[in-house]
Amino acid sequence: MKKTVRIMDIDCPVCASKIESNIAKIDGVNEVSLNFVAQRMALDFDESKYEQIKAAIEKEAKRVEPDCKIIGL
């Protein structure tokens, strides 16, 4: 499943890079691209594991940037 979501309140490009790198390691995520300037994240992931992947993405994003919000996931 391919999906583009908004990711808001990331403080710096380094944090965005860390989030992107951590999400890429999640089992079932095929591809991720986080654009810090546009505050958008493009994802390609296994739709059959949607709930697990969604929870893992939110957990990884909050671990790096506790105030960030993912909209549309």
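This section walks through the fold of a predicted model, from its overall build to its sheet, helices and loops.

The secondary structure of the protein consists of two helices and four strands. Followed along the sequence, these elements give the pattern β-α-β-β-α-β. Taken along the principal axes, the C-alpha atoms occupy a box of roughly 30 × 20 × 20 Å. The radius of gyration fits this picture nicely: a compact globule of 73 residues would have a value near 11 Å, and the protein has 11 Å, so expectation and model agree. Of the 73 residues, 36% count as buried. Contacts also reach across the sequence, for among those between residues at least 6 apart, 60% join residues at least 24 apart.

The sheet is a good place to start. Its four strands are arranged in the order 2-3-1-4, forming an open sheet with antiparallel pairing. Strand 2 (29-35) and strand 4 (69-71) sit at the edges, each pairing on one side only. On average, and with direction ignored, neighbouring strands of the sheet are turned by 25 degrees against each other. As a reminder, strands of a sheet pair through backbone hydrogen bonds, either parallel or antiparallel.

Each pairing can be followed in turn. Strand 2 and strand 3 run antiparallel and are joined by six bridges; here N35 stands opposite R40 in strand 3. Five bridges link strand 1 to strand 3, again in antiparallel fashion, and K2 faces D44 of strand 3 across this pairing. Strand 1 (residues 2-8) is also joined to strand 4, by three antiparallel bridges. In that pair, I7 has I70 of strand 4 as its bridge partner.

Helix 1 (residues 13-24) packs on this sheet, where strand 1, strand 2 and strand 3 (40-45) are touched, and its direction makes about 170 degrees with that of strand 2. The length of helix 1 is as expected: at 1.5 Å a residue, its twelve residues should span 16 Å, and the end C-alpha atoms are indeed 16 Å apart. Buried positions in helix 1 are C15, A16, I19, N22 and I23. Seen down the axis, these buried residues fall within an arc of 130 degrees, and therefore line one face of the helix. A general rule of helix geometry is helpful here: an α-helix has 3.6 residues a turn, so residues three or four places apart point the same way. The buried residues of helix 1 pack against strand 1, strand 2, strand 3 and helix 2. Turned away from that buried side is a face carrying P13 and V14, which are exposed.

Helix 2 (residues 50-64) lies across strand 1, strand 2, strand 3 and strand 4, and runs at about 145 degrees to strand 3. A similar length check works for helix 2: its 15 residues should span 21 Å at 1.5 Å a residue, and the end C-alpha atoms are 21 Å apart, in agreement. I53, I57, E60, A61 and V64 are the residues of helix 2 to note as buried. Because they cover an arc of only 95 degrees around the axis, they are placed on the same side of helix 2. Their cover includes strand 1, helix 1, strand 2, strand 3 and strand 4. The other side of helix 2 holds E51, Q52, K59 and R63, which are exposed.

Two loop residues deserve a closing look for their backbone angles. D9 is located in the loop between strand 1 and helix 1. Its phi is near 65 degrees, a positive value in a residue other than glycine. With a relative accessible area of 35%, D9 is partly exposed. Q39 is found in the loop between strand 2 and strand 3, a hairpin with four residues between the strands. Although Q39 is not a glycine, its phi is positive, at about 55 degrees. The relative accessible area of Q39 is 25%, which makes this residue partly exposed.

Methods. Residues are numbered from 1 along each chain as its sequence is written. This is a predicted model: local features need pLDDT of at least 70, side-chain atom pairs count only at pLDDT 80 or more; totals for chains, interfaces and linings use all residues. Side-chain values use heavy atoms; hydrogens and water are left out. Two strands pair if DSSP finds at least two bridges between them. Axes are lines fitted to C-alpha atoms, for helices over the stretch in contact, and angles run from 0 to 180 degrees between N-to-C directions. Contact means heavy atoms within 4.5 Å. The expected span of a helix is 1.5 Å times one less than its number of residues. Buried means under 20% relative accessible area, exposed over 50%, partly exposed in between (1.4 Å probe, protein chains only). The arc is that of the directions from the helix axis to the C-beta atoms. The radius of gyration is taken over C-alpha atoms; the globule rule is 2.2 Å times the number of residues to the power 0.38.
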